[in-house]
Every structure is written in C-alpha cells, then in structure tokens.
Amino acid sequence: MQERLVRFDAKLAQTAVDAVLVTGQNNVYYLTGFWGTEGTVFISDKRRLFLTDSRYTLIAKEAIKGFDIVETRQPLVEIAKIIKDDGLSTIGFDGQVSYDFYQGLQAVFEGYQLKAVTNFVEDLRMIKDASEIATIRRACQISDQAFLDVLDFIKPNVTTEMEVNHFLDQRMRALGAAGASFEFIIASGYRSAMPHGVATDKVIKSGESLTMDFGCYYQHYVSDMTRTIHVGHVTDEEREIYDIVLRSNKALIEQAKAGMTYIDFDGVARRVIDEAGYGANFTHSIGHGMGLDIHELPFFVKTEDKLQAGMVVTDEPGIYLDNKYGVRIEDDLLITETGCEILTQAPKELIVL
Ligand SMILES: [Mn+2]
C-alpha cells in the first residue's frame, strides 16, 4: 500500500493539479485497503485524508495507514474546511463522476479550479504488484477448478445453460470466491455465435458447442476465462474452427511481452484468424486489462502504447458463424519483461463430452 502511495505522489507531482479527490470504491480500496460504500480520499502534497461515516470509522482505523481518518457525513464540506489555509488552487477529480456530484463539487469548492483527471488511479492500477498478482492467480485457480468440475455436471440433452451458470457460480463460491465477477456468457449451439449470449433455459443438446465465459471475485480481484467445448460429437468444420482459434490464442501467448505495442498485441492473434479466412468472423477486440474491475486499462485500441511488465490482460480470440455456432478461448496473462505467464490453466485442447 505504501508503494502505491509513493507512485500516487510521483504522479501527482507530474500532473497540473495541487490535489486529487478519489471517490470510486475500487480506487479508494486500491489506495487505502478500505472496502466499503462510503469512503472518500483526498491527497495533496500536504495531506492524506480519508473520510467516512460512523458506520465505517472502526473498520477504517483498523485497515488504513498513513491517512488522517475523518468521520463525517459530508466529506466534501469537511475537506473544504480542512484545506482552507493550505494554499491549494487546483483540485483534480475523476471525470467519471455523475453530473450531480460534479455540481456538488462546484458548490463546495468555490474559488478553486476543478480539473478532471480521469484514469489517474486507473493508470496506477494497470501495473499489478506482487500481492495483487497472487490474489488474481488464486481467482484464476478457482475458475480452473470450476471448469474441470462442470465437465462432470453437464449431461447432453438434459442440462440447461442456466443450470451450467448456477453450477459454476456455486462451485466457485464453495472454493472461496465471493461471487461471480460478471454476468456469465453460457451459450450453446446456434446461441454460441452471439459473443455475449447470456444463459437461458435452453437445453444443451448432443451435437452442439458450448461456450462458457465466466469468472469470480476473490478478495476483490477478478478472474475471466472462456472455454468452448463440444457435446456428443464434432464435425470436421467444427474441429477446424476450434483449431484456428486455439492457434490464435497460443500465438499471442508465444509473443506477448513487455514492450509490445497494443496494435501488435491485437494483431498477432488476429493475423492467425485472418490468414485462415475468418477475419470477418472475429468481431471484437483481442482482450482487455483486468484486476479490481473486470474490464480496466489497458484496452487494446489500436495505438502505439506499449505493454508493461505487471499488466494482467486477457487473450480471447473468437470466431462466430451466424446461426451456426461460435468458438472463443480466453486466458488471463501476466505480462513480464521476457514474455508472459498464463494465469488460467484449465485445459484447452478440444474437449468432446
Ligand atoms: Mn474477457
């Protein structure tokens, strides 16, 4: 936590504001270790304030080090009082706050210049430290185990998508997860051609494919994994499509490392699918960063930005054939100086149940 505050202070020194107000729950947690719905952080070069109401004061005093803890139900008003004589002129805030909140800021901090510093903390969160990596690794292990277990649970022509959804959710909780990290995508047969087809009451039939995109929260961090399996039997075309997607996923694992541009990160995987003639059927980005949020920086828009060691990102190529079926395979990768480490270890050679 101290290391994170050191990085925060260094970024503050390089940014054209005198202080930053942090209000997002995950960002507050990242900086303080406090988890709760009511927490506000204010950091300038003179002070570190943490403000919460009486429900959380004891928790905050136990969890937080290096901040003055202030009990109040009006955090903004209280901050304005405390910093009155600090000589600050520009206050940074998260540009993703609501318009109502912004109006509140304007009223309370009259006389200060307010400046949106969107992604100030999210930029720091891109590079994971050792404890974050250990937590994400455990979240991935829980998903890996749930995947192995669901293979025994699925009965062709009997089990529904929703039952698979519930099984994965409950199994991961039993293994220590706090819950699902997003609304799972459990799509069988023709529905698997929808990249974001959430579970329905449809029965999974023999001869169909089944895409399961799921993950859990473990100690506030996420896992995010996709496996596609076939049920009953598999055609030559299905085998071929699966092989292309798997080769795409693996090609990226081979090459991903710190220093690679975002364009290349997407391009390495996409090239395999393009060359096989299915470029038009790979309709989404190769992946995204993950951590406290299921989707967080970096996002692989086509820029010359470079991967950095300590990023945790997904590698999730797919091919979707409308009205037929689709295949996606997703792993979570830790980027290192020399390559990457695969955090999701569930089998991904073609499985036919
Ligand atoms: Mn994903």
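A residue is termed buried when its relative accessible area is under 20%, exposed when it is over 50%, and partly exposed in between. In the predicted model described here, Thr23 has a relative accessibility of 24% and therefore counts as partly exposed. Thr23 is located in the loop that joins strand E1 (19-22) to helix H2. Leaving aside residues up to four places away in sequence, Thr23 touches Val28, Gly39, Thr40, Val97 and Phe101. Between the C-alpha atoms of Thr23 and Ala107 the distance is 17 Å, with 84 residues separating the two in sequence.

Helix H2 itself comprises residues 25-32 and contains Asn26. The relative accessible area of Asn26 is 14%, so this residue is classed as buried. When residues up to four places away in sequence are not counted, Asn26 is found to touch Trp35, Arg125, Leu292 and Asp293.

The overall architecture was examined next. The protein chain contains 10 helices and 19 strands, and its C-alpha trace extends over about 75 × 40 × 35 Å along the principal axes. Of its 353 residues, 55% count as buried. Among contacts with a separation of 6 or more, 65% are formed by residues 24 or more positions apart. The chain is divided into two domains, with domain 1 covering residues 2-125 and domain 2 covering residues 130-342. The C-alpha centres of domain 1 and domain 2 are 35 Å apart. Across the boundary, nine residues of domain 1 make contact with nine residues of domain 2.

A manganese ion is present in the model, with coordination by Asp224 (OD), His288 (NE2), Glu316 (OE) and Glu330 (OE) at 2.1 to 2.4 Å. Along the chain, these donors follow the spacing D-x63-H-x27-E-x13-E. Asp224 and His288, which are 64 residues apart, link distant parts of the chain: Asp224 belongs to the loop between strand E11 (221-222) and strand E12 (225-230), whereas His288 belongs to strand E13 (residues 288-289). Asp224 has a relative accessibility of 3% and is therefore counted as buried. His288 likewise falls in the buried class, because its relative accessible area is 5%.

Two of the metal ligands, His288 and Glu316, also appear in the description of the largest pocket. This pocket has a volume of about 300 Å³. Its lining consists of 18 residues, and those nearest its centre are His196, Asp213, His288, His295 and Glu316. By class, the lining of the largest pocket is divided into six nonpolar, six polar and six charged residues.

Enclosed space was also considered. Rolling a probe the size of a water molecule over the atoms reveals where empty space remains. A search of the whole structure yields one cavity of 30 Å³ or more, and the largest cavity holds about 60 Å³ of space. Its lining is made up of Val20, Leu21, Val22, Asn27, Phe93, Asp94, Val117, Asn119, Phe120, Val121 and Glu122. Strand E1 and helix H6 (120-125) each contribute at least two residues to this lining. The residues lining the largest cavity comprise seven nonpolar, two polar and two charged.

Technical notes
Residues are numbered from 1 along each chain as its sequence is written. This is a predicted model: local features need pLDDT of at least 70, side-chain atom pairs count only at pLDDT 80 or more; totals for chains, interfaces and linings use all residues. Side-chain values use heavy atoms; hydrogens and water are left out. Donors are N, O and S atoms within 2.8 Å of the metal (3.2 Å for Na, K and Ca); water is not among the atoms, so sites may look incomplete. Helices (H or I, at least four residues) and strands (E, at least two) are DSSP runs, numbered from the N terminus. Buried means under 20% relative accessible area, exposed over 50%, partly exposed in between (1.4 Å probe, protein chains only). Contact means heavy atoms within 4.5 Å. On a 1 Å grid over the protein atoms alone, a cavity is a set of points where a 1.4 Å probe fits but cannot get out, and a pocket is an open set with protein on both sides within 12 Å along at least five of seven lines; lining residues have an atom within 4 Å of a point. Grid points are joined across faces, edges and corners, and a volume is the space filled by probe spheres set on the points. Ala, Val, Leu, Ile, Met, Phe, Trp, Tyr, Cys and Pro count as nonpolar, Asp, Glu, Lys and Arg as charged, and the others, Gly among them, as polar. Domain bounds come from an automatic or database domain assignment.
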